[in-house]
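Subject: Structure for you to look at

Hi,

Here is the structure I promised to pass on. Please open it first, then read my notes below.

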Amino acid sequence: MNWIVLGASLAAVFVVAAIALALGLGRGAQLGERERVFAMARDFHSGFRPVDAAIDGNDRAAFVRGDDGDFVLLKLHGVHGAGRYFAATPSLESKGGTLLVQTGERMFGTVAIDVGADEARRWAGKREAAHA
Amino acid sequence: MPEMLPDPVQYAIPAFIILILVEMLIARRVDASRYEPKDTLTSLLLGTGSTVAGALAGGAVVALAVWLSQFRLFEIGYVWWAWIAVFLLDDLAYYVFHRLAHRVRWFWASHVIHHSSQHYNLSTALRQTWTGFFSLSFAFSLPIVLIGFPVPMLLFASGVNLIYQFWIHTEAVGRMPRWFEAVFNTPSHHRVHHATNPRYLDRNYAGMLIIWDRMFGTYERERDDDRPRYGIIKNLGSFNLLWAATHEWIGMAKDVLTIPGWRNKLGYLFGPPGWSHDGSRDTSDTIKARWRDGAESE
């Protein structure tokens with residue numbers, strides 16, 4: 001293995017990524033309005049029928065309830081949404097005005113959705129209602 | 001050791017970089033969301049890592065191929081028809097490997113890296129595996145050596161195949177002329193392959209020639225009313241390089257170690273991606289079936 005070639009390759013990689021940044025590519029992404037979030041949730045899990053959604057005030061995440069009592073969690077990852085499907089209510093917590101949805105996956109993480117205190121409590125209550 | 005032909009991939013790398021920059025300029029004008037700097041960085045670093053892994057393991061693969069060649073059935077030299085035959089056979093071997101790479105979790109664990117970007121651009125083409133040697137993906141080409149084609153000729157053909165597959169990773173090209181789309185793999189065909197739309201899952205495995213998909217029933221055309229959504233069923237949601245390179249291996253190891261029963265363990269190793277002993281996860285077949293049921297009930 002040629003260490004000079006490897007070093008030059010790594011330098012070129014960072015230069016190309018820096019050019020993408022300088023060109024303003026991939027900026028200003030948002031999940032969008034309720035209908036778009038619903039469409040994303042349907043696309044994410046075929047057969048999912050959304051009925052309600054908690055959408056982050058900054059449009060960076062959404063938690064969507066389906067009519068089967070199932071859920072789709074969406075979070076902005078770069079300019080696209082990455083999601084997780086839950087057949088039953090996942091672990092939810094209301095913290096101030098934020099709804100915290102725990103995926104149980106360290107690398108996907110806990111997703112924080114800024115929806116205001118009342119909405120956060122309402123959604124977190126679904127977990128308690130489901131386990132009552 | 002036979003005298004090797006030049007590695008065409010080495011000569012193509014400057015063109016790869018120039019074309020990525022050109023595609024970025026097009027994206028800036030047409031659709032700035034086609035690129036995302038962190039995604040590009042991840043793809044290119046995975047590509048660099050793949051080159052390092054290839055350099056470390058390549059010698060062993062070549063040595064094995066050369067050793068196997070002593071058992072060849074025929075003595076095929078560098079005649080003109082052998083070049084055509086080796087390109088066709090190598091492309092067919094790629095089709096077989098690629099189909100299994102999507103249908104058998106052991107091979108998918110290595111190949112998933114290439115699909116883990118939610119973008120579809122030329123940098124995605126360079127997002128390549130670090131663990132191809134470990135998953136034994138090179139084994140699919142070895143029968144060509146046993147037939148009797150010279151090892152350097154096969155390596156050269158594989159290199160050209162790899163270069164060809166670079167340019168098809170783009171949204172900047174719509175459709176090629178009809179005759180070209182009928183024979184060759186194109187950006188349109190390969191967008192289908194990278195899509196997670198149920199209709200497109202596990203379709204268009206071709207390397208250079210789409211004829212294999214047409215012959216073996218795995219062809220699907222790109223539709224304007226179902227635009228491809230790229231990535232994997234459970235997108236990573238992380239730009240972590242090591243996670244992208246190893247997540248499926250880690251998931252597979254956890255399943256094998258924690259789920260009891262040899263039949264289950266073998267299922268987690270060699271079943272289709274998403275297979276689970278209790279049916280709690282989605283495979284591409286269950287996703288397609290659910291999608292078809294939904295379409296019929298509407």
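Chain A has 3 helices and 7 strands. Please keep in mind throughout that this is a predicted model.

**Chain A**

The order of elements along chain A is α-α-β-β-β-β-β-β-β-α. Its radius of gyration is 19 Å, whereas the globule rule gives 14 Å for 132 residues, so chain A is more spread out than a compact globule. The C-alpha trace of chain A spans about 65 × 35 × 30 Å along its principal axes.

One salt bridge inside this chain caught my eye. D52(A) pairs with R34(A), with the closest N and O atoms 3.9 Å apart. D52(A) sits in strand 1 (residues 50-55) and R34(A) in helix 2 (residues 34-44) of chain A, so the pair ties together parts 18 residues apart in sequence. Over all chains, the salt bridge count comes to 24.

**Chain B**

Chain B has 13 helices and 0 strands. Its pattern from the N terminus is accordingly α-α-α-α-α-α-α-α-α-α-α-α-α. The radius of gyration of chain B is 20 Å, which agrees with the value near 19 Å for a compact globule of 298 residues. Along the principal axes, the C-alpha trace of chain B spans about 60 × 55 × 35 Å.

**The two domains of chain B**

The domain assignment splits out domain 1 (8-175) and domain 2 (241-297) of chain B. Their centres, taken over C-alpha atoms, are 25 Å apart. Domain 1 of chain B puts 18 residues into the contact, and domain 2 of chain B puts in 19.

About 1,700 Å² is buried between domain 1 and domain 2 of chain B. Carbon and sulfur atoms give 67% of that area. Which three residues of domain 1 of chain B supply more of its buried area against domain 2 than any other three? They are R103(B), R105(B) and W106(B), with 45% of what domain 1 of chain B buries there.

The rule finds 3 salt bridges across this domain interface. Separately, look at R105(B): its side chain meets that of D255(B) in a salt bridge, 2.8 Å from N to O. Polar contacts across the domain interface come to 9 residue pairs, both residues at pLDDT 80 or more.

On the domain 1 side, the elements of chain B that give two or more residues are helix 2 (37-68), helix 3 (80-103) and helix 4 (105-115). Helix 4 of chain B gives the most, with 7 residues. By class, this side of domain 1 of chain B has 10 nonpolar, 6 polar and 2 charged residues.

W106(B) is worth a closer look. This residue is found in helix 4 of chain B. Leaving out residues up to four places away in sequence, W106(B) touches F134(B), S135(B), W249(B), M252(B), L269(B) and F270(B). The C-alpha atoms of W106(B) and D90(B) are separated by 22 Å, with their positions 16 residues apart along the chain.

**Where the chains meet**

How many residues does each chain bring to the contact between chain B and chain A? Chain B brings 36 and chain A brings 31. Together the two chains bury about 2,900 Å² between them. Of that area, 71% is on carbon and sulfur atoms. In chain B, the residues that lose the most area to chain A are P37(B), Q118(B) and G237(B), together 18% of what that side buries.

Between chain B and chain A the count is 2 salt bridges. K234(B) forms a salt bridge with E105(A), the closest N and O atoms being 3.6 Å apart. The rule also finds 9 residue pairs in polar contact across the chain interface, both residues at pLDDT 80 or more.

Helix 1 (8-30), helix 2 and helix 13 (284-297) are the elements of chain B that give two or more residues to the side touching chain A. The largest share, 8 residues, comes from helix 2 of chain B. The class breakdown of this side of chain B is 21 nonpolar, 9 polar and 6 charged residues.

Helix 2 of chain B is a good place to start, as it appears on the domain 1 side facing domain 2 and on the side that touches chain A.

Best wishes

Technical notes: Residues numbered from 1 in each chain as written. Chains lettered and ligands numbered in written order. Predicted model: local features only at pLDDT ≥ 70, side-chain atom pairs only at ≥ 80, totals over all residues. Heavy atoms only, no water. Domains from an automatic or database assignment. Contact = heavy atoms within 4.5 Å. Buried area = accessible area lost by both parts, 1.4 Å probe. Salt bridge = Lys/Arg side-chain N within 4 Å of Asp/Glu carboxyl O. Polar contact = N/O pair within 3.5 Å; in protein donor to acceptor, adjacent residues only side chain to side chain. Helix = DSSP H or I, 4+ residues; strand = E, 2+ residues; numbered from the N terminus. Nonpolar A, V, L, I, M, F, W, Y, C, P; charged D, E, K, R; others polar. Rg over C-alpha atoms; globule rule 2.2 N^0.38 Å.
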